[in-house]
Each structure stands twice: as structure tokens, then as C-alpha cells.
Amino acid sequence: MSGAQDFFVVKAEEDGVNVIGLTRGTDTRFHHSEKLDKGEVMVAQFTEHTSAIKIRGRALIQTSHGEVHTDSQS
Ligand code: TRP
């Protein structure tokens, strides 16, 4: 399955950061929301069920493509 080895890391920089998983396939919808408090880290993969993620709140996201802050301007 394409994408199965792609890990990403989300580190929460405030309380109440949400990591929302979106479904793979023709129907793109939320299927899971994980709440992280400040300093908590989630390590996860893109899977057969998850093709995209959406992050709400201040966080650092690291992927094999690089890293980004949710509040960065560029
Ligand atoms: N059951 C989900 C899946 O296998 C678990 C999961 C994996 C997930 N990666 C995720 C949930 C990213 C939210 C965000 O796809």
C-alpha cells in the first residue's frame, strides 16, 4: 500500500492540540481526532485508512519532507 512507511511526528507546543486523521479514498472525512497537551508527542504513519492529517493548535510537525510549525509565516 502506498505511503504505509511514511511516519510523521507532531509535538504539541500548547495544551489542546488536535491531530485529525482524514480518510483515504473517494470520501475524504475526519475519522480520528487525537488531543495532545503541551510537550506531548504523537508518532504515527499514513496508512491504508489515513491519507492526510490536519493539525489544530501550536505544534511542530516533522516528516521526511522536513519540518514545519503550524504558526510559521513561510
Ligand atoms: N486507525 C488509524 C489508521 O490505521 C490510526 C492512525 C494512523 C491515525 N495514523 C493516523 C489516526 C494519523 C489519526 C492520524 O489509519
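Here is a walk through this structure, from its core to its ligand and on to a few single residues.

Before we start, remember that this is a predicted model, where local features need pLDDT of at least 70, side-chain atom pairs count only at pLDDT 80 or more, and totals for chains, interfaces and linings use all residues. Residues are numbered from 1 along each chain as its sequence is written, and side-chain values use heavy atoms, with hydrogens and water left out.

Let's begin inside. In soluble globular proteins, nonpolar side chains tend to be buried together. The largest nonpolar core here has twelve residues: F8, V10, A12, V17, V19, L36, M42, A44, F46, I55, A59 and I61. A nonpolar core is a set of buried Ala, Val, Leu, Ile, Met, Phe, Trp, Tyr and Cys residues joined through side-chain atoms within 4.5 Å. Buried means under 20% relative accessible area, exposed means over 50%, and partly exposed is in between (1.4 Å probe, protein chains only). Strands β1, β2 (17-23), β4 and β6 (59-63) each give two or more residues to this core, and β1 provides the largest share, three residues. As for the labels, strands (E, at least two residues) and helices (H or I, at least four) are DSSP runs, numbered from the N terminus.

V10, one of the core residues, sits in strand β1. With 0% relative accessibility, V10 is buried. Its C-alpha is 6.5 Å from that of A59, although the two residues are 49 apart in sequence.

Now look at two other core members, F8 and F46. Their rings form an aromatic pair of the tilted kind, with 5.0 Å centre to centre and 45° between the planes. The rule is that rings of Phe, Tyr and Trp (its six-membered ring) pair if their centres lie within 6.5 Å; planes under 30 degrees apart count as stacked, over 60 as edge-to-face and the rest as tilted. By that rule, the count is one aromatic pair. Because F8 lies in β1 (residues 7-12) and F46 in the loop between β4 (41-45) and β5 (50-56), the pair ties together parts that are 38 residues apart in sequence. F8 is buried at 3% relative accessible area, and F46 is buried too, at 18%.

F8 also takes us to the ligand, since the residues around the ligand are F8, G21, H31, H32, A44, Q45, T47, H49, T50 and I53. A residue counts as near if one of its heavy atoms lies within 4 Å. Strands β3 (30-36), β4 and β5 each supply at least two residues of this shell. What holds the polar atoms of the ligand company? A polar backbone atom of Q45 is 2.7 Å from a ligand nitrogen. A polar side-chain atom of T47 is 2.4 Å from a ligand oxygen, and a side-chain N or O atom of T50 is 2.5 Å from an oxygen of the ligand. Taken alone the ligand exposes 360 Å², and the protein buries 71% of that. Such areas come from the Shrake-Rupley method with a 1.4 Å probe; for residues, only the protein chains shown count as cover.

Last stop: S51, in strand β5. S51 is partly exposed, with a relative accessible area of 31%. Its C-alpha is 11 Å from that of I20, and the two are 31 residues apart along the chain.

Definitions and conventions:
Polar contact = N/O pair within 3.5 Å; in protein donor to acceptor, adjacent residues only side chain to side chain.
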